[in-house]
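I opened this notebook page to record what I looked up in the coordinates, going from the overall fold to a single residue. The entries are kept in the order in which I made them.

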Amino acid sequence: MTQIKNEIFVREAKNSDREYVFKFCEKTWEWGDYIPDVWDQWLQEPNGRLFVATRNGIPVGIGNVIFSKPGEAWLIGIRTDPEYRRRGIATALINNRIEYSKKHKANVVRTGTLSDNFAIQAVYR
């Protein structure tokens, strides 16, 4: 478990995090979010790991890393509870997944996002 400022910790996700995560993902877009559709798959993914950022033990952010082929990691599905945005949670999740990727021999880390998602583009920079 990695601690970041303001009592925020990053750890591997557990199935019991589901309801908290689904709640803060409800309004990611007008139609909702795809996280509920991939949650079980991501938790069981043998070639990746799903992480949560927590405050007082409650999930306030998530991020997944998938190893698509040897030496290559994809950072996907980053979300932060709207009440906790602009507090370094997304940055902590990104850094955590990059470090995890390095430990698993990835020498390339990729991500993708919509061209108009300026907030996450700024965080990734």
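The entries below cover the fold, the cores, one helix pair and one strand residue.

**Entry 1, the fold.** I note at the outset that this is a predicted model. I looked up the secondary structure and found four helices and six strands, which follow one another along the sequence in the pattern β-β-α-α-β-β-β-α-β-α. Of the 125 residues of the protein, 43% count as buried. I then turned to the contacts with a separation of 6 or more, and 57% of these are accounted for by residues 24 or more positions apart.

**Entry 2, the cores.** I asked which residues have the most contacts inside the largest nonpolar core. That core has 18 residues, and the ones I was after are Ala53, Val65, Ile89 and Leu93. Two or more residues each are given to this core by strand S2 (8–12), strand S3 (48–55), strand S4 (58–69), strand S5 (72–80) and helix H3 (89–103), and the largest share, six residues, comes from H3. I also found a second, separate core of 13 residues, with Val21, Cys25, Ile35 and Ile66 among them. As background, I recall that nonpolar side chains tend to be buried together in soluble globular proteins.

**Entry 3, helices H1 and H2.** I next looked up how helix H1 (residues 18–25) and helix H2 (residues 35–44) are arranged, and found that their axes come within 10 Å and cross at roughly 150 degrees. Since angles over 145 degrees count as roughly antiparallel, H1 and H2 are therefore roughly antiparallel to each other. Their crossing is right-handed. On the H1 side the residues of the contact are Arg18, Val21, Phe22 and Cys25, and these meet Ile35, Pro36, Trp39 and Asp40 in H2. By class, I count six nonpolar, no polar and two charged residues in this contact. I note that Val21, Cys25 and Ile35 belong to the second core as well as to this helix contact.

**Entry 4, Asn64.** My last question was whether Asn64 is buried or exposed. Asn64 lies in strand S4, and its relative accessibility is 0%, so Asn64 counts as buried. Setting aside its neighbours within four places in sequence, I listed what Asn64 is in contact with, namely Trp42, Arg49, Leu50, Trp74, Leu75, Ile76 and Arg97. Strand S4, where Asn64 lies, is also one of the elements that give two or more residues to the largest nonpolar core.

Key:
Residues are numbered from 1 along each chain as its sequence is written. This is a predicted model: local features need pLDDT of at least 70, side-chain atom pairs count only at pLDDT 80 or more; totals for chains, interfaces and linings use all residues. Side-chain values use heavy atoms; hydrogens and water are left out. A nonpolar core is a set of buried Ala, Val, Leu, Ile, Met, Phe, Trp, Tyr and Cys residues joined through side-chain atoms within 4.5 Å. Buried means under 20% relative accessible area, exposed over 50%, partly exposed in between (1.4 Å probe, protein chains only). Axes are lines fitted to C-alpha atoms, for helices over the stretch in contact, and angles run from 0 to 180 degrees between N-to-C directions. Angles under 35 degrees count as roughly parallel, over 145 as roughly antiparallel, 65 to 115 as roughly perpendicular and the rest as oblique. A crossing is left-handed if the near helix is turned anticlockwise from the far one by less than a right angle, and right-handed if clockwise. Contact means heavy atoms within 4.5 Å. Ala, Val, Leu, Ile, Met, Phe, Trp, Tyr, Cys and Pro count as nonpolar, Asp, Glu, Lys and Arg as charged, and the others, Gly among them, as polar.
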